[in-house]
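Here are a few notes to read alongside the structure. Take them one at a time, and look for each feature as you go.

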Amino acid sequence: QPALGEIYQSLITMVQSEFDVRGAKLIEETQNKHQMLKAQKAEVSSFAEYAKTLSSVKCTTEELLKEKEYIKSLYGILQKLKIDNPLMAEIDKRLQLQWELYLMVLHDGETFINKEAPAMLQGSTSRSRR
């Protein structure tokens with residue numbers, strides 16, 4: 001019986017550690033992507049770079065979502081085992097808030113691109129006619 005208890009405790013420790021590390025990493029990653037997308041520029045060269053950045057960030061969203069769901073499932077496992085502490089709850093809360101902010105910034109970026117792209121194309125077309 002003692003060996004079984006040690007195995008059980010080791011598994012719990014492993015899941016908690018996995019949750020802590022992956023949660024913190026995903027929070028940091030979405031914060032970094034948020035910072036990358038905050039600087040919306042309306043100049044042609046900056047606009048093109050911003051559009052490229054937005055596109056590359058969007059390509060990682062599905063992978064980030066899978067990671068978020070995995071982390072959420074780890075938290076769910078720990079809760080079912082009646083293992084909960086303030087740090088875990090804080091990570092879960094921060095992860096959810098950061099994810100919502102990330103999605104909002106992605107949406108704002110897409111809106112900005114859709115709004116500015118016609119003007120950018122119009123401007124580059126008129127410059128090329130000169």
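The expected span of a helix is 1.5 Å times one less than its number of residues. Keep that rule in mind for the second point, and remember throughout that this is a predicted model.

1. Let's start with the overall layout. The chain holds three helices and zero strands, and from the N terminus on its elements run α-α-α. Among contacts between residues at least 6 apart in sequence, 85% join residues at least 24 apart.

2. Now try the rule on helix H1, which covers residues 2-38. H1 has 37 residues and reaches 54 Å from its first C-alpha to its last, close to the 54 Å expected at 1.5 Å a residue. The buried residues of H1 include Ile12, Phe19, Leu26 and Leu37, but also Gln16, Lys33 and His34.

3. What does the surface of H1 offer? Leu11 is found in this helix, and Leu11 joins Ile7 and Met14 in a nonpolar patch on the surface, with about 300 Å² of accessible area together. Leu11 has a relative accessible area of 46%, so it counts as partly exposed, a class that lies between 20% and 50%.

4. Next, the inside. The largest nonpolar core has 26 residues, and Phe19, Leu37, Leu78, Tyr102, Leu106 and Ile113 are those with the most contacts inside it. H1, H2 and H3 each supply at least two residues of this core, and H3 gives the most, with ten residues.

5. Which residues does Leu106 touch, not counting residues up to four places away in sequence? They are Leu37, Leu54, Val57, Lys58 and Thr61. Follow the last of these: Thr61 is found in helix H2, residues 44-80. Leaving out the same close sequence neighbours, Thr61 touches Trp99 and Tyr102 as well as Leu106. Is Thr61 buried or exposed? Its relative accessible area is 15%, so Thr61 is buried, the cut-off being under 20%.

6. Please also look at Lys82, in the loop between H2 and helix H3 (86-129). Lys82 has a positive phi of about 65° although it is not a glycine. With a relative accessible area of 74%, Lys82 is exposed, because exposed means over 50%.

7. Finally, some totals for the chain. Buried residues make up 30% of its 130 residues. The accessible surface comes to about 8700 Å², of which 57% belongs to carbon and sulfur atoms.

Technical notes
Residues are numbered from 1 along each chain as its sequence is written. This is a predicted model: local features need pLDDT of at least 70, side-chain atom pairs count only at pLDDT 80 or more; totals for chains, interfaces and linings use all residues. Side-chain values use heavy atoms; hydrogens and water are left out. Helices (H or I, at least four residues) and strands (E, at least two) are DSSP runs, numbered from the N terminus. Buried means under 20% relative accessible area, exposed over 50%, partly exposed in between (1.4 Å probe, protein chains only). Contact means heavy atoms within 4.5 Å. Patches are made of residues with over 30% relative accessible area and no salt bridge: like charges are joined within 9 Å, nonpolar side chains (Val, Leu, Ile, Met, Phe, Trp, Tyr) within 5 Å. Accessible areas come from the Shrake-Rupley method with a 1.4 Å probe; for residues, only the protein chains shown count as cover. A salt bridge is a side-chain nitrogen of Lys or Arg within 4 Å of a carboxyl oxygen of Asp or Glu. A nonpolar core is a set of buried Ala, Val, Leu, Ile, Met, Phe, Trp, Tyr and Cys residues joined through side-chain atoms within 4.5 Å.
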